[in-house]
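Got the model open in your viewer? Here is a short tour, one selection at a time.

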Amino acid sequence: MADRLPPELWSYIFDLAADEDVIFRPGLPTSITQTTWFRDVLGKWKVRIPQDDINIIQRRSYATKKAIIRTCKRWRQLGTEFLVRCLFFDNPTKLRDLRSILDRDPSLGWWVRRLHITHFSNGRGPTMNDFEEPLLAVLAQTPNLEIFVVDWPMSTAFGAIADTLGSESHRHNLHTVYWHVPAELLSKVIWALESLPNLVSVHLTFDEALKEPDTITLGSAESVKLTLPNLQQLFLKGLCQEFMEQAAGWDLPMLRSFSFDFGANRHDLPDVVGFLAQHGDTLLFLDLNCVPALDVRRILDLCPLLTTFCFNLDWKVPPAGTPATAAAADDDDNANANPEDEFAPVSLTNRPHSYIQHIGLHGCTYAFGVGYACEYMFSADPLRTLLIQRSNDANFRALLSRETFPKLERVRMLSPVLLQALNDANGPQEGECFKRWERWWDACHSSGVRLEDCSGGQLGDLPHDLGDEGYGSEDWEEEEEGEGEENPPQRRASNIAELRELLEECRRMSAEAQREPPFLFPY
């Protein structure tokens, strides 16, 4: 049969079987990308983050393609290009094997479009520096590489990698990069970006500098004014103060999505407002995740076109008319707080924001009284916990104001840790925390706003409440053999009416999906 169909049709069939549409999207996952539920080896429900979902998709796709080329000689000849199109490694020792394969058959490197190296050791094993040479050789033999992801610290190896990426072929083809580097290699990062003008999506994670911060200099890179005409998504994580200061002076005319994740750091906060003053007017998606509070009202003024806005609900937002410096004050310093401000209504905007339809909420660790962090903080510092819960309530009331966000449709809790804790505790803690969930739910319902968890389900609908069927796990986990055979469904005389109802429901859901834009930003 393999000889009965033309090669073009077989290639199309193999492409569909590989199911790599998600893998080759130019954008990278953000905090608002939906998580999924799955059962662990003990049968307990766990939350899987989007990055792990992507890794599983790549493993599945590779298994499918490997089965294709093992079927017959004809399929092996036609399917080999699909096998090497996406290269995914959670064990970089395989880079040496890949280098040997490409040395034997250099034509295979022509088909490589995505190279993804994920975390692979516990800190005691080899580092990326140990695989610098084979990685450089692989990059040199993959001229059509479009997506290069290394979500593991590259340390000093990044210098040579950046030089290799500056070649003419990568300059024109590479459009998505994910780099994890120490802060002192900022100059190398800037020069690498300067050599890749066609980048569409950039994710940078900066670790603490290996050297003393005072000894780090940018050299000639400090005067570089980059122009990235195609950059649409920028994600900065970690200690990115210097990078953000430099990027504020760059030309990013197509920037639509900006994400900032400062982790648990509390000091040396980058000048986010200064960056947004230069680039906020084109943004449609803004995600700010940090512990120190930012001036929300000023930020929303600088980003008038936003349709999706994510911020930390734990921030203490000052009442309208309070100086903006109060928003950046440390939340731990409450000695000089104005008692009247504690109960003054909060406003998140200086004027109505006409385009925001979706709001994502970081934080909320203490809102529902679940999880180890909440238990520890409530026993160690109950006053601080109560103050943060009060900020949660005030900010949540403010974001549901139709005068503030007239087009708001969805509010999503973004923390997978919070969702896992809610599931483990079977819902919010009894008492005030449960009442808080009820208040938020009722307020959203009365405002016509959907309240969601990070999986996209309604907040409070846990997987054991919905049963075992179809809650995000069927895409990743195989059903147990023989499950459900004890009580087989009874044969019915006619299922025509039921089928008609099912078809009508499918048509209705399809029509709603076409009318409503997806919550996930496309980049």
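Start by selecting Arg70, which is exposed in this predicted model. Its relative accessible area is 62%, and a residue counts as exposed when that value is over 50%. Arg70 sits in the loop between helix 2 (50-69) and helix 3 (73-85). Now add Lys66, Arg76 and Lys94 to the selection: together with Arg70 they form a positive surface patch.

**Into helix 2**

Stay with helix 2 and pick Gln58, which lies in that helix. Is Gln58 buried or exposed? Gln58 has a relative accessible area of 3%, so it counts as buried. To see what surrounds Gln58, show Ile23, Cys86, Phe88, Arg114 and His116; Gln58 touches each of these, leaving aside residues up to four places away in sequence.

**Zoom out for a moment**

Switch to a cartoon view of the chain. How many helices and strands are there in the chain? The chain has 17 helices and 14 strands. It is made of 523 residues, and 47% of them count as buried. If you draw a contact map, look at the pairs with a separation of 6 or more: 76% of those contacts are between residues 24 or more positions apart. With a surface display on, you are looking at an accessible surface of about 26,900 Å², and carbon and sulfur atoms account for 52% of it.

**A nonpolar patch**

Keep the surface on and select Leu9, Tyr12, Ile13 and Leu16. These residues make a nonpolar surface patch of about 370 Å². Centre the view on Ile13, which is found in helix 1 (residues 7-18). Ile13 is partly exposed, with a relative accessible area of 33%.

Next, follow the chain to Asp19, in the loop between helix 1 and strand 1 (36-39). Check the backbone here: phi of Asp19 is near 55 degrees, a positive value in a residue that is not glycine. Why stop at such a value? Because most residues other than glycine have a negative phi.

**Charged pairs**

Hide the surface and turn to the side chains. Those of opposite charge can pair when their charged atoms come close. How many salt bridges does the structure hold? There are 15, and three of the pairs make good stops.

Select Glu133 and Arg99. They form a salt bridge in which the closest N and O atoms are 3.5 Å apart. This pair links distant parts of the chain, with Glu133 in helix 5 (residues 132-140) and Arg99 in helix 4 (residues 94-104), 34 residues apart. Glu133 counts as exposed, at 54% relative accessibility, whereas Arg99 counts as partly exposed, at 27%.

Move on to Arg351 and Asp301, whose side chains meet in a salt bridge with an N to O distance of 2.7 Å. Arg351 lies in the loop between strand 11 (308-312) and strand 12 (358-362), while Asp301 belongs to helix 11 (residues 296-302), so the salt bridge ties together parts that are 50 residues apart in sequence. Colour the two by accessibility: Arg351 is exposed, at 52% relative accessibility, and Asp301 is partly exposed, at 27%.

The third pair is Arg439 and Asp393, a salt bridge whose closest N and O atoms are 3.5 Å apart. Arg439 is in helix 15 (residues 432-447) and Asp393 in helix 13 (residues 382-399), so far along the chain that they are 46 residues apart. Arg439 is partly exposed, with a relative accessible area of 37%, but Asp393 is buried, with a relative accessible area of 11%.**A network, then a last backbone stop**

Select Glu409, Arg410, Arg412, Arg450 and Glu452 as a group and show their side chains as sticks. These five residues are linked in a network of salt bridges.

Finish at Asn426, in the loop between helix 14 (416-424) and helix 15. Which sign does phi of Asn426 have, positive or negative? Asn426 has a positive phi of about 60 degrees, although it is not a glycine. Turn the surface back on here, and Asn426 is exposed, with a relative accessible area of 56%.

Note on methods: Residues are numbered from 1 along each chain as its sequence is written. This is a predicted model: local features need pLDDT of at least 70, side-chain atom pairs count only at pLDDT 80 or more; totals for chains, interfaces and linings use all residues. Side-chain values use heavy atoms; hydrogens and water are left out. Patches are made of residues with over 30% relative accessible area and no salt bridge: like charges are joined within 9 Å, nonpolar side chains (Val, Leu, Ile, Met, Phe, Trp, Tyr) within 5 Å. Accessible areas come from the Shrake-Rupley method with a 1.4 Å probe; for residues, only the protein chains shown count as cover. A salt bridge is a side-chain nitrogen of Lys or Arg within 4 Å of a carboxyl oxygen of Asp or Glu. Lys and Arg count as positive and Asp and Glu as negative; His and the chain ends are not counted. The place of a charge is taken as NZ of Lys, CZ of Arg, CG of Asp or CD of Glu. Helices (H or I, at least four residues) and strands (E, at least two) are DSSP runs, numbered from the N terminus. Buried means under 20% relative accessible area, exposed over 50%, partly exposed in between (1.4 Å probe, protein chains only). Contact means heavy atoms within 4.5 Å.
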